[in-house]
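Trainee: I am new to this structure and would like to work through it slowly, one question at a time. Could we begin once it is in front of us?

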Amino acid sequence: AMGTSVAPTYANLFLIHYEMMWRDTYNSMFPKIYYRFLDDLFFVIENPNEETILSLLQTLNNTSTSLKFKFERSENKVTFLDLQISKSLKRSTNYK
């Protein structure tokens with residue numbers, strides 16, 4: 001279905017189903033900051049420990065054989081959808 005006009009809708013419906021399952025599984029540990037654009041996820045885990053991160057990664061990757069997630073982990077900044085998101089109060093704009 002990818003490459004067709006219904007692909008974005010299909011991707012949204014597919015992931016909404018799993019997001020509800022993840023929220024139920026992780027309940028209070030589910031990230032408070034969570035954004036998704038189609039099949040790209042961005043979230044922040046407050047006070048993470050290695051066990052929580054590995055458990056979440058395992059849960060996400062074991063959800064479906066169609067889904068494989070990779071994590072970018074940083075204390076300061078990460079890239080999401082060609083945006084560099086940093087943990088800073090300073091604002092800046094970069095143009096390509």
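**Strand, helices, loop and cavity**

Mentor: Since this is a predicted model, we will reason from computed values, beginning with Ile85, which, once its neighbours within four places in sequence are left aside, is in contact with Phe42, Asn76, Lys77, Val78 and Phe80.

Trainee: Which strand does Ile85 lie in?

Mentor: The relative accessibility of Ile85 is 29%, and because buried means under 20% and exposed over 50%, this residue counts as partly exposed. As for its place in the chain, Ile85 belongs to the strand of residues 83–86, which is E4.

Trainee: How far apart are the end C-alpha atoms of helix H2?

Mentor: Helix H2 runs over residues 50–61, so there are 12 residues to consider, and at 1.5 Å a residue they should span 16 Å. The model agrees with that expectation, for the end C-alpha atoms of H2 are apart by 16 Å.

Trainee: Which residues of H2 are exposed on the side away from its buried residues?

Mentor: The buried residues of H2 are Thr52, Ile53, Leu56, Leu60 and Asn61. They cover an arc of only 155 degrees around the axis, and therefore they sit on the same side of H2. There they pack against helix H1 and strand E2, while on the other side of H2 the exposed residues are Glu51 and Gln58.

Trainee: Why do the buried residues of H1 count as being on the same side?

Mentor: H1 has 20 residues and reaches 28 Å from its first C-alpha to its last, close to the 28 Å expected. Its buried residues are Ala7, Ala11, Leu15, Tyr18, Glu19, Trp22 and Tyr26. An α-helix has 3.6 residues a turn, so residues three or four places apart point the same way. The buried residues of H1 are placed on the same side because the arc they cover around the axis is only 120 degrees.

Trainee: What do the buried residues of H1 pack against?

Mentor: We should keep the two sides of H1 apart, since Leu13, Met20 and Asp24 are exposed on the other side. The buried residues of H1, by contrast, pack against strand E1 (33–37), E2 and H2.

Trainee: Is Thr63 buried or exposed?

Mentor: Thr63 is found in the loop between H2 and strand E3, where its side chain has a polar atom 2.7 Å from the backbone oxygen of Thr59 and also reaches the backbone oxygen of Leu60 at 3.2 Å. Beyond its neighbours within four places in sequence, Thr63 is in contact with Tyr18, Met21 and Trp22. Because its relative accessibility is 17%, and the cut-off is under 20%, Thr63 counts as buried.

Trainee: Which backbone nitrogen lies 3.1 Å from a polar atom of the side chain of Ser64?

Mentor: Ser64 also has its place in the loop between H2 and E3, and at 13% relative accessibility it counts as buried. Leaving aside neighbours within four places in sequence, Ser64 is in contact with Phe14 and Tyr18. The backbone nitrogen at 3.1 Å from a polar atom of its side chain is that of Ser66.

Trainee: How much space lies in the largest cavity?

Mentor: The count comes to one cavity of 30 Å³ or more. The largest cavity is lined by Trp22, Phe30, Pro31, Tyr34, Phe43, Leu56 and Leu60; among these, Trp22 is a buried residue of H1, and Leu56 and Leu60 are buried residues of H2. The space in the largest cavity is about 30 Å³.

Note on methods: Residues are numbered from 1 along each chain as its sequence is written. This is a predicted model: local features need pLDDT of at least 70, side-chain atom pairs count only at pLDDT 80 or more; totals for chains, interfaces and linings use all residues. Side-chain values use heavy atoms; hydrogens and water are left out. Helices (H or I, at least four residues) and strands (E, at least two) are DSSP runs, numbered from the N terminus. The expected span of a helix is 1.5 Å times one less than its number of residues. Buried means under 20% relative accessible area, exposed over 50%, partly exposed in between (1.4 Å probe, protein chains only). The arc is that of the directions from the helix axis to the C-beta atoms. Contact means heavy atoms within 4.5 Å. A polar contact is a pair of N or O atoms within 3.5 Å; within protein, one must be able to donate a hydrogen and the other to accept it, and residues adjacent in sequence count only if both atoms are side-chain atoms. On a 1 Å grid over the protein atoms alone, a cavity is a set of points where a 1.4 Å probe fits but cannot get out, and a pocket is an open set with protein on both sides within 12 Å along at least five of seven lines; lining residues have an atom within 4 Å of a point. Grid points are joined across faces, edges and corners, and a volume is the space filled by probe spheres set on the points.
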